[in-house]
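Q: I would like a close look at a single part of this structure, the largest pocket. Which residues lie nearest its centre, and which residues surround the ligand?

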Amino acid sequence: MEKLSFPKDFLWGSATASYQVEGAGHEGGRSECIWDTFARKPGAVYAGENGDVACDQYHRFEEDIALMAELGFKSYRFSIAWPRIIPGGRGKVNPEGIAYYRRLCEELHKKGIHTCATLYHWDLPQVLEDAGGWPNRSIVDAFEEYVKVCYQELGDLVDMWITINEPYCVAFLGHLYGLHAPGYRDLEKAFAAVHHVNMAHGVAVREYRKTGLKAPIGITWNCITPRPATASKADKDAADLSRAFNTEIFLFPCLGKGYPDLSKATDCKIPVKDGDLEIIAQPIDFIGANFYSESPAAADESSPYKFTMKPFWNDTTYMGWPITPGGLERQLVWIAEVSKGAFGKAEIPIYITENGCAYDDIVTHDGRVHDRDRISYLQQHLAVCADVIKKGVPLKGYYVWSLLDNFEWSFGYTRRFGVIHVDFKSMKRTPKDSAYFLRDTITGFGEWF
Ligand code: FCB
């Protein structure tokens with residue numbers, strides 16, 4: 001039996017996002033976002049479900065924070081809903097929206113919990129989508145206006161800022177694969193969205209530095225870092241190409257390395273103007289990494305971008321995603337390597353800002369949720385975290401996704417990622433066994449195998 005041991009100041013947290021947990025969709029002066037619209041599109045979201053009520057955290061945050069405290073979490077990663085802060089997308093600020101996040105942060109601080117706020121976790125005000133959304137360059141100015149309001153109104157209460165959650169999903173799931181709002185399948189739009197998301201991040205950091213606020217600011221990427229399916233040069237190149245297309249396209253410009261060469265995948269160009277790369281490459285204080293799984297990639301001339309994903313042998317979660325703790329190790333080492341020396345810093349601290357899994361959890365006759373599969377998943381991934389720290393990767397914290405079962409985007413409420421079970425009829429919260437496993441790990445009594 002090996003002990004899962006972590007540095008004393010390791011930041012243990014749980015994560016959620018506004019649209020997935022808040023509910024109160026038509027309250028507090030909130031306007032509609034692109035997910036409200038997308039959820040109404042036939043076939044876009046499982047059974048037409050939406051975030052109108054979600055976990056009702058808007059009304060129940062005190063109960064949720066009390067649970068976090070009981071479980072020993074030191075930090076809460078939540079996101080701020082742009083349509084609550086500036087319902088018109090630009091212009092008038094909504095005091096009720098500000099007041100909600102101030103109450104949330106104050107309650108967290110009262111319980112000694114550190115606040116980690118994501119500025120954008122996908123709930124774009126619909127009015128801005130109507131004006132062209134992420135593919136339209138003017139979104140960068142709108143984002144600048146919005147983040148300045150957040151810094152000014154919430155800056156005294158936020159302990160850590162994340163500009164954007166998973167630019168890949170914003171640009172590609174939303175504009176290339178049509179799986180997320182707003183649901184386009186258009187490479188030109190997707191590449192424009194890539195660039196404007198990167199710009200929005202840069203502008204958000206640039207403006208933050210002007211405020212004099214001292215809390216660290218960074219970005220959260222979901223890096224797709226596949227392994228090659230075979231030892232052939234073609235498959236190795238395909239894995240590299242996939243990583244460039246899906247991941248380096250976001251990381252590299254933000255780390256000051258410019259855009260990767262994608263000419264082997266496509267002729268489509270990213271709409272860069274003079275001076276843009278300087279704006280994007282703002283020094284950040286940390287890198288947030290979301291990790292769920294790794295897949296094998298192979299060369300495929302008939303695929304649109306010349307690479308394809310291959311079958312795997314691993315056990316899967318209820319998402320069908322392979323369980324690959326080795327992939328987490330490879331990815332963390334890769335991130336540490338490519339970020340080393342960026343902005344003249346010896347290393348950039350890394351936080352896992354999401355890691356976790358969905359299972360078909362049920363509350364059993366004893367009123368408990370015995371989610372052994374999730375515990376095993378967490379044990380394996382945390383063992384990797386403990387190990388890479390010893391090998392010198394600057395990993396400083398870990399947020400489990402998610403605190404609560406919640407609205408899992410196009411899967412609606414059918415995928416339960418929480419370490420706390422939510423009965424979506426009664427809204428009753430039941431910590432799962434995995435929550436107690438994390439509690440013990442945080443206290444220093446975590447074990448694996
Ligand atoms: C990530 C998202 C998060 C959640 C998990 C399962 O891509 O950031 O909101 O849906 O996946």
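A: What follows goes from the pocket to the ligand and then to two details of the chain. This is a predicted model, in which local features need pLDDT of at least 70 and side-chain atom pairs count only at pLDDT 80 or more, while totals for chains, interfaces and linings use all residues. Residues are numbered from 1 along each chain as its sequence is written, and side-chain values use heavy atoms, with hydrogens and water left out.

The largest pocket holds about 1,000 Å³ of space. A pocket here is an open set of points on a 1 Å grid over the protein atoms alone, where a 1.4 Å probe fits, with protein on both sides within 12 Å along at least five of seven lines; its volume is the space filled by probe spheres set on the points, joined across faces, edges and corners. Its lining (residues with an atom within 4 Å of a point) consists of 38 residues, and those nearest the centre are Tyr 168, Leu 173, Asn 222, Ile 224 and Trp 321. Two or more lining residues come from each of α8 (167-175), β8 (286-291) and β10 (307-309), where helices (H or I, at least four residues) and strands (E, at least two) are DSSP runs numbered from the N terminus.

The space taken by the ligand is this largest pocket, by the rule that more than half of the ligand's atoms lie within 2 Å of its grid points. Around the ligand stand Gln 20, His 121, Trp 122, Asn 165, Glu 166, Asn 290, Tyr 292, Glu 354, Trp 401, Glu 408, Trp 409 and Phe 417, each with a heavy atom within 4 Å of it.

Three glutamates make polar contacts, which are pairs of N or O atoms within 3.5 Å. A polar side-chain atom of Glu 166 lies 2.5 Å from an oxygen atom of the ligand, while the distance is 2.7 Å for Glu 408 and 3.0 Å for Glu 354. On its own the ligand has 290 Å² of accessible area, and the protein covers 94% of that, as found by the Shrake-Rupley method with a 1.4 Å probe.

Two residues of this shell also have backbone details. Glu 166, in the loop between β5 (160-165) and α8, has a positive phi near 50°, although the residue is not a glycine. Trp 401 is joined to Ser 402 by a cis peptide bond with omega of about 15°, and Ser 402 lies in the loop between β12 (395-401) and β13 (420-422).

Definitions and conventions: Polar contact = N/O pair within 3.5 Å; in protein donor to acceptor, adjacent residues only side chain to side chain.
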